[in-house]
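Please open the structure in your viewer and keep the selection panel to hand. The stops below can be followed in order, each with something to select and something to look for.

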Amino acid sequence: MPQAFLDALTDTLAEIKADGLLKREREITSPQGARITANGRGLINLCANNYLGLADHPRLIAAATDAMQSHGYGMASVRFICGTQDLHRQLETRLARFLDMDDSILFAACFDANAAVFEPLLGAGDAIVSDSLNHASLIDGIRLCKAQKYRYANADMADLEAQLKAARAGGARHVMIVTDGVFSMDGTLAPLPGITALAAQYDAITLVDDCHATGFMGPKGQGTPAHFGVSVDILTGTFGKALGGAIGGYIAGPQPVIDLLRQRARPYLFSNALPPSVVAAGIEALDLVETGDTLRARLFENAQYWRDGLTRLGFDLLAGEHPIVPIMLGEAQLAQDMAAGLNDRGVYVSGFFYPVVPKGRARIRTQMNAALDRDDLDEGLAAFEAVGKELGVI
Ligand SMILES: *Cc1c(COP(=O)(O)O)cnc(C)c1O
């Protein structure tokens with residue numbers, strides 16, 4: 001390999017480090033949960049997407065273990081050759097029923113679902129109108145599609161309407177509005193009532209990526225459309241967050257959409273089927289979600305308690321109702337220092353900074369879950385108070 005190439009990479013890494021933007025991975029030796037072990041120490045964990053606390057749930061572990069005994073370990077095939085088991089179709093139909101959709105299709109991850117969904121459905125004569133804060137996987141999926149691209153300012157309905165007008169004026173055949181249900185860096189919700197009203201007015205298709213909502217937003221955990229009492233055309237989502245936290249993504253929608261994706265979606269056609277253990281645990285996770293009112297109530301009680309506590313201490317939070325609670329700090333280095341200080345005091349959080357969020361908007365993103373109890377939260381608040389005062393944040 002040419003040395004100049006490796007030298008260039010080393011220079012880039014040095015720049016990342018000099019800018020205070022280097023991400024370091026800490027190794028956890030326990031299961032994911034309210035408390036975890038890292039480097040031999042117990043820590044309260046406030047940064048997992050484990051909203052319902054299912055990541056180490058005994059029923060999911062039992063379902064996965066049983067499926068491994070009955071259906072084996074791996075599929076060693078894509079779905080259409082010999083990788084579809086009864087379990088895959090059970091999960092797809094079950095998920096579709098839960099989401100009030102005709103059908104659904106599984107992917108290795110939601111990143112793949114989002115990479116897959118646009119290219120087969122839309123062509124050069126069509127248009128995609130996309131929120132500026134959409135997840136990286138939606139952005140990449142849209143790049144892979146030949147449709148004309150329009151972007152609107154985050155959650156800005158006047159700008160969405162302007163872009164829809166532009167798409168229609170440009171002669172687009174089909175127009176699709178694409179948004180995250182929840183913007184994961186901010187914990188804010190997409191204004192779906194406004195979006196669906198504009199979609200009806202401009203005859204547009206709606207696609208919502210509900211990764212940070214399925215399982216707990218809405219009265220029965222059906223996600224942001226249910227939360228707002230509206231319906232959307234296509235949903236994408238993940239099993240990697242509230243629904244057990246292992247791996248796996250999906251697209252749910254009208255039958256012809258799902259049928260065509262099964263024929264044409266490249267990450268589906270050219271990538272391995274999900275393993276039976278994960279699929280069976282996914283079915284079990286939906287069981288727990290459908291009877292999960294208590295878990296959801298605890299999650300939102302925790303979120304309110306945590307927000308109130310941090311606000312009382314004087315931290316600058318982004319307002320919202322979602323269990324994502326970002327503490328705004330500004331510079332990347334401060335977010336890193338704050339995360340390190342909290343870690344020293346037994347609280348596991350992660351600083352978020354450029355390029356994940358805009359420069360100067362660094363933060364610590366805390367996330368509540370149903371497995372945390374009051375002692376965990378009180379200990380967490382005490383640590384935030386101590387470190388916040390040490391660093392002059394409060
Ligand atoms: C987490 C996330 C994804 C990726 O999901 P995976 O299943 O982990 O690949 C996609 N979109 C959004 C909005 C997410 O938050």
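Is Cys211 buried or exposed? Bear in mind, as you select this residue, that the model in front of you is predicted. Cys211 has a relative accessibility of 9%, and therefore counts as buried, since the cut-off for that class is under 20%.

**The cysteines**

Keep Cys211 selected and add Cys110, whose sulfur is the nearest cysteine sulfur to that of Cys211, at 3.4 Å. Because a disulfide requires two cysteine sulfur atoms within 2.5 Å, Cys211 is in no disulfide. Next select Cys47, which is likewise in no disulfide, the nearest cysteine sulfur being that of Cys211, 18 Å away. Cys47 also counts as buried, with a relative accessibility of 19%. In the structure as a whole there are zero disulfides.

**The ligand**

Now select the ligand and display the residues around it, of which there are 13. The closest of these are Cys110, Asp209, His212, Thr238 and Lys241, so Cys110 from the previous stop comes into view again. By character, the shell consists of six polar, four nonpolar and three charged residues. If you colour by secondary structure, look for helix H5, residues 110-121, which contributes three residues to the shell and gives the most to it.

Three side chains are worth labelling here. For Thr238, an N or O atom of the side chain lies 2.7 Å from an oxygen atom of the ligand, and for His212, a side-chain N or O atom is 3.0 Å from a ligand oxygen atom. At His135, the partner on the ligand is a nitrogen atom, which lies 3.3 Å from a polar atom of the side chain. How much of the ligand does the protein bury? The ligand taken alone exposes 380 Å², and the protein buries 83% of that area.

**The aromatic pairs**

Turn next to the aromatic rings, among which the count comes to six pairs. A pair of this kind is described by the distance between the ring centres and the angle between the planes. Select Tyr51 and Phe216, whose ring centres are 4.3 Å apart and whose planes meet at 35°, so that the pair is classed as tilted. Tyr51 sits in the loop between strand E2 (41-45) and helix H2 (58-71), while Phe216 sits in the loop between strand E9 (205-209) and helix H9 (224-228), and the pair therefore ties together parts that are 165 residues apart in sequence. Both partners are buried, Tyr51 with a relative accessible area of 0% and Phe216 with a relative accessibility of 1%. Adding Phe300 to the selection shows a cluster, in which ring pairs link Tyr51, Phe216 and Phe300.

For another pair, select Phe315 and Phe384, which are edge-to-face, with 5.7 Å from centre to centre and 90° between the planes. Phe315 belongs to the loop between helix H13 (293-313) and strand E12 (324-330), and Phe384 to helix H15 (residues 374-390), so this pair joins parts 69 residues apart in sequence. Phe315 counts as buried at 6% relative accessibility, as does Phe384 at 0%.

**A last stop**

Finally, select Gly33, in the loop between helix H1 (3-18) and strand E1 (35-38). Gly33 is buried, with a relative accessible area of 7%. Add Ala370 and draw the distance between the two C-alpha atoms: Gly33 and Ala370 are 9.9 Å apart in space, although 337 residues separate them in sequence.

How values were computed
Residues numbered from 1 in each chain as written. Predicted model: local features only at pLDDT ≥ 70, side-chain atom pairs only at ≥ 80, totals over all residues. Heavy atoms only, no water. Buried < 20%, exposed > 50% of the residue type's maximum accessible area, 1.4 Å probe, protein only. Near = heavy atom within 4 Å. Polar contact = N/O pair within 3.5 Å; in protein donor to acceptor, adjacent residues only side chain to side chain. Areas by Shrake-Rupley, 256 points an atom, 1.4 Å probe, with all protein chains shown as cover. Helix = DSSP H or I, 4+ residues; strand = E, 2+ residues; numbered from the N terminus. Nonpolar A, V, L, I, M, F, W, Y, C, P; charged D, E, K, R; others polar. Phe/Tyr/Trp six-rings, centres within 6.5 Å; stacked < 30°, edge-to-face > 60°.
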